[in-house]
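I open this notebook to record, entry by entry, what I looked up in one protein structure. I go from the overall picture to single residues.

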Amino acid sequence: MIKRPEEIALMAESGRLLASVFGHLDQFELTGMSTMAVNDLVDTFIVEQLQARPASKGQYDYAYALNASRNSVVCHGVPSATELLQDGDIVNFDITLEKNGFIADSSKTYLVGTVASAAKKLVQVTYEALWHGIHAVRPGARLGDIGHAIERHARRHNYTVVREYCGHGIGREMHEEPQVLHYGKPHTGLVLHEGMVFTIEPMINQGRREVHTEDDGWTVVTSDGKLSAQFEHTVAVTRTGVQVLTLRPDEPYALARARPAA
């Protein structure tokens, strides 16, 4: 699970490129676009502009460069030419990128057009929950500290944390050890050491935490039909704390509270 400094440097480059994908996507008006059109835009940018590889494409026989999870879709939403993003939607785009043999993984939930205040609040609290988890990362901390920080923040706002899906180690492979749960007890679980690299990617529900998978075998939705939101970053444990490898320039909350450690 421990990456050498030169490996983390390569992963940081993959993370920087992936952050630029979201920067590129930020420039587009999503209202009226199909989720397949967003997928194609991202695929082309990664391959042609960044000379990198969409790491999700071909992984587990998945055919696309991203997951597009809209409204009550929790994760693994499959892009569709007929699914049009509409005013008031929230949609998570989960994107992976491989460069020089190393993979970075990140996601962001977008507000499409004019979004209701309740949906905006869910998205904001989910983003904050991600950062509460990131703030818990440092040598000597435990994985349970991360999950506890995330779930505590979600519960403060009467939201629930999806338990069926978790963060994961990452490097040359998309999914490595350890598993990073988004709930837990403080001071429990695996001890964190300098050189560990993993994702933190909480999925927070507006209603109950229960989910189910639709007949396509991919799309996971909330069981009660209420909204779900997600954010994700790839992070490395450093000597003094944490380095967020996929940090985006548009993250004032992150920059104000947790600048990447050297």
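The entries below begin with the whole chain and then turn to the cores and to individual positions.

**Entry 1: the whole chain**

I note at the outset that I am working with a predicted model. I looked up the secondary structure, and the protein has five helices and 14 strands. I then checked the radius of gyration, which is 17 Å and close to the 18 Å given by the globule rule for 262 residues, so the protein is as compact as a globular protein of that length. For the extent of the C-alpha trace I wrote down about 45 × 45 × 35 Å along the principal axes.

I next asked what percentage of the 262 residues is buried. The buried residues make up 56% of them. I also looked at how the contacts are spread along the sequence: of the contacts with a separation of 6 or more, 70% are accounted for by residues 24 or more positions apart.

**Entry 2: surface and charge**

I looked up the accessible surface, which comes to about 11,200 Å², with 50% of it belonging to carbon and sulfur atoms. For the charges I found 25 positive and 32 negative ones, and their mean positions are 9 Å apart.

**Entry 3: the nonpolar cores**

Which residues have the most contacts inside the largest nonpolar core? I listed I90, I134, V137, I146, L192, F198 and I200, in a core that has 34 residues. At least two residues of this core are supplied by each of α3 (117–135), α4 (143–156), β8 (197–200), β13 (233–237) and β14 (242–244). The largest share is that of α3, from which nine residues come.

I followed I146 further, leaving aside neighbours within four places in sequence, and found I146 in contact with G133, A136, V137, V180, L192, F198 and I200. Apart from this core lies another one, of 24 residues, and I noted L18, F45, L97 and A104 among them.

**Entry 4: A236**

I turned to A236, whose place is in strand β13. Is A236 buried or exposed? I recorded a relative accessible area of 1%, which makes A236 buried, since the cut-off for that class is under 20%. Not counting residues up to four places away in sequence, A236 touches I8, M196, V197, G241, V242, Q243 and L245. I also took the separation of the C-alpha atoms of A236 and F198, which is 6.6 Å although the two residues are 38 residues apart along the chain.

**Entry 5: Y165**

I located Y165 in the loop between β5 (160–161) and β6 (167–169). Its relative accessible area is 23%, and Y165 is therefore partly exposed, given that this class begins where buried, under 20%, ends. The residues that Y165 touches, beyond those up to four places away in sequence, are C75, H76, H182, M203, V211, T213 and V220. For N67, which is 98 residues from Y165 along the chain, I found a C-alpha separation of 14 Å from Y165.

**Entry 6: H212**

I found H212 in strand β10 (residues 211–213), and with a relative accessible area of 39% H212 is partly exposed. Leaving aside its neighbours within four places in sequence, H212 is in contact with T219, V220, V221, T222 and S223. The C-alpha atoms of H212 and H135 are separated by 30 Å, and the two residues lie 77 residues apart along the chain.

**Entry 7: backbone geometry**

I looked for backbone features and noted that the peptide bond from E177 to P178 is cis, with omega near 5°. P178 lies in strand β7 (residues 176–180).

Where does D61, which is not a glycine but has a positive phi of about 65°, sit? I placed D61 in the loop between α2 (35–49) and β1 (66–70). At 76% relative accessibility D61 counts as exposed, because that class applies over 50%.

I made a parallel note for N100, which is not a glycine either and has a positive phi of about 55°. N100 is found in the loop between β3 (90–99) and β4 (102–111), and at 48% relative accessibility N100 counts as partly exposed.

Definitions and conventions: Residues are numbered from 1 along each chain as its sequence is written. This is a predicted model: local features need pLDDT of at least 70, side-chain atom pairs count only at pLDDT 80 or more; totals for chains, interfaces and linings use all residues. Side-chain values use heavy atoms; hydrogens and water are left out. Helices (H or I, at least four residues) and strands (E, at least two) are DSSP runs, numbered from the N terminus. The radius of gyration is taken over C-alpha atoms; the globule rule is 2.2 Å times the number of residues to the power 0.38. Buried means under 20% relative accessible area, exposed over 50%, partly exposed in between (1.4 Å probe, protein chains only). Contact means heavy atoms within 4.5 Å. Accessible areas come from the Shrake-Rupley method with a 1.4 Å probe; for residues, only the protein chains shown count as cover. Lys and Arg count as positive and Asp and Glu as negative; His and the chain ends are not counted. The place of a charge is taken as NZ of Lys, CZ of Arg, CG of Asp or CD of Glu. A nonpolar core is a set of buried Ala, Val, Leu, Ile, Met, Phe, Trp, Tyr and Cys residues joined through side-chain atoms within 4.5 Å.
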